[in-house]
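Got your viewer open? Here is a tour you can follow selection by selection, with a word at each stop on what to look for.

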Amino acid sequence: METRPQEGRKGPPRRDMPPVVGLLLSMALMNALLYLCLDWLFILPPRSVGEPRHCPHGHFRMGQMSNCSPWLSCEQLRTEVRQMKRVGEGAVKRVFLSEWKERKVALSRLTRLEMKDDFLHGLRMLKSLQSKHVVTLLGFCEDDSTILTEYHPLGSLSNLEEALSLPRYQSINTWQHRLQLALDYVGIINFLHNSPLGTLVMCDSSDLPKTLSQYLLTANFSIVLNDLDALPLVNHSSGALVKCGHRELRGDFVAPEQLWPYGEDMPFQDDLMPVYDEKIDIWKIPDVSSFLLGHVEGSDMVRFHLFDIHKACKSQTPAERPTAQNILDTYQNVLNLLRDTATSQTREML
């Protein structure tokens, strides 16, 4: 027998959604997602927090360590640290990739006995200036002339372009992240000029490669000061100024007051060389920042907005140059302005 559908089970006729409505809904959803992503694209992601200043003085924490540990003693350095291979060498110390409790660390050893005063000065600075701006001190042994610090596999700041070519970091090769690196650098200079010890001058900076070698690039793409062997103290109240080394300096990278002022006809004499102050660091900031900004899309626009402050940094008169804090504020304002402009323009396109 043929069965027929019961009338009572009939529902309202099914209507298919018009294609244009589905398209509009999809576009609305995509726009909403783009709005949510804008902050991620144009606002720098927060960096991981694990700063030495979160530990009491004489203690450290690095990586995934949950608790602070006291600086390692001579005995611990001798028995717990395994030296592996040399990864760097300077006039004062050799640096070896080493291992401590299955963690990679950097072990520095004095190169020559006649450099021990510089080595110990660097150690004193490292102990006194522990902060987010300075490489983390893990331990030291004055008897053995060794210092143990956190290891940063990306190496010195001179490796920036090589690091940004790695697949892991290619997505942050943008003007935003590069300007943030410049902020980090100026922040370190500002920290030195207003340090707990007084106004310190970054003397190991006679040219751009030498300057870049004093800093390390961290895995979360920030900058820390690594070499503190040459940080003389300026005291404006007492009139105590500085000279960076005892040899004649040349070139456009160093500040004019660092150059021999008596012409080619008069041989250089260290005792006749005038002293100077922390404004020599300010002169060099535009050159270092230009390196950090690179030549990615948007970097020329950043340079345009920084033109006036960089011009002031290059004043022939040291007293007319801005302070590091002035420069830091300007950099932050430019970052905020350009980031907000980029975000607004993108939203208008949606």
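What follows is a walk through strands, salt bridges, loops and a surface patch. Keep in mind as you click around that this is a predicted model.

**Stop 1: three strands in a row**

Start by selecting residues 81–89 and 93–100, which are strands S3 and S4. These two run antiparallel and are joined by seven bridges. To see the register, pick Lys85 and look across to Leu97, its bridge partner in S4. The turn from S3 to S4 is a hairpin with three residues in it.

Now add strand S5, residues 103–110. S4 and S5 are antiparallel too, with eight bridges between them. A handy pair for checking the register here is Glu99 and its bridge partner in S5, Lys104. While those two are highlighted, add Arg82: Arg82, Glu99 and Lys104 are linked in a network of salt bridges.

**Stop 2: the turn at Lys101**

Zoom in on the hairpin of S4 and S5, which has two residues between the strands. What is unusual about phi at Lys101? Phi there is positive, about 50°, although Lys101 is not a glycine. Most residues other than glycine have a negative phi. Lys101 sits in the loop between S4 and S5, and it counts as exposed because its relative accessibility is 56%, past the 50% cut-off.

**Stop 3: a lysine under cover**

Stay with S4 and select Lys93, which belongs to this strand. Buried or exposed? Lys93 counts as buried, because its relative accessibility of 15% is under the 20% limit. Turn on side chains and find Asp229: the side chain of Lys93 makes a polar contact with the side chain of Asp229 at 2.8 Å. Then show what else surrounds Lys93. Leaving aside neighbours within four places in sequence, its contacts are Ser108, Arg109, Leu110, Thr111, Phe119, Asp227 and Asp229.

**Stop 4: a few salt bridges**

How many salt bridges does the structure hold? There are 15, and three pairs make good stops.

- Select Arg94 and Glu89. Their side chains meet in a salt bridge of 3.2 Å, N to O. Arg94 is partly exposed at 28% relative accessible area, and Glu89 is partly exposed at 47%.
- Select Glu114 and Arg112. The salt bridge between these side chains is 3.1 Å, N to O. Glu114 counts as exposed at 59% relative accessibility, whereas Arg112 is partly exposed at 39%.
- Select Asp144 and Arg78. Their side chains form a salt bridge of 2.7 Å, N to O. This pair links distant parts of the chain, 66 residues apart: Asp144 is in the loop between strand S6 (137–141) and strand S7 (146–150), and Arg78 is in helix H2 (residues 74–80). Asp144 is partly exposed at 33% relative accessibility, and Arg78 is partly exposed at 47%.

**Stop 5: the loops on either side of S10**

Jump along the chain to Phe221, in the loop between strand S9 (215–217) and S10. Here is another positive phi in a residue other than glycine, near 60°. Phe221 counts as buried, because its relative accessibility is 5% and the limit is 20%.

Next, select Asn226, in the loop between strand S10 (223–225) and strand S11 (233–234). Asn226 is partly exposed, with a relative accessible area of 25%. Which residues does Asn226 touch, not counting those up to four places away in sequence? They are Val135, Gln214, Tyr215 and Leu216. Before moving on, draw a C-alpha to C-alpha distance from Asn226 to Glu150: these residues are 76 apart in sequence and 9.9 Å apart in space.

**Stop 6: a nonpolar patch**

Finish on the surface. Select Tyr262, Met266 and Leu272 and switch to a surface view: these three form a nonpolar patch with about 250 Å² of accessible area together. For orientation, Tyr262 lies in the loop between S11 and helix H7 (279–293). At 42% relative accessibility, Tyr262 counts as partly exposed.

Methods: Residues numbered from 1 in each chain as written. Predicted model: local features only at pLDDT ≥ 70, side-chain atom pairs only at ≥ 80, totals over all residues. Heavy atoms only, no water. Helix = DSSP H or I, 4+ residues; strand = E, 2+ residues; numbered from the N terminus. Buried < 20%, exposed > 50% of the residue type's maximum accessible area, 1.4 Å probe, protein only. Contact = heavy atoms within 4.5 Å. Patch = residues over 30% accessible without salt bridge, like charges linked within 9 Å, V, L, I, M, F, W, Y side chains within 5 Å. Areas by Shrake-Rupley, 256 points an atom, 1.4 Å probe, with all protein chains shown as cover. Salt bridge = Lys/Arg side-chain N within 4 Å of Asp/Glu carboxyl O. Pairing = 2+ DSSP bridges. Polar contact = N/O pair within 3.5 Å; in protein donor to acceptor, adjacent residues only side chain to side chain.
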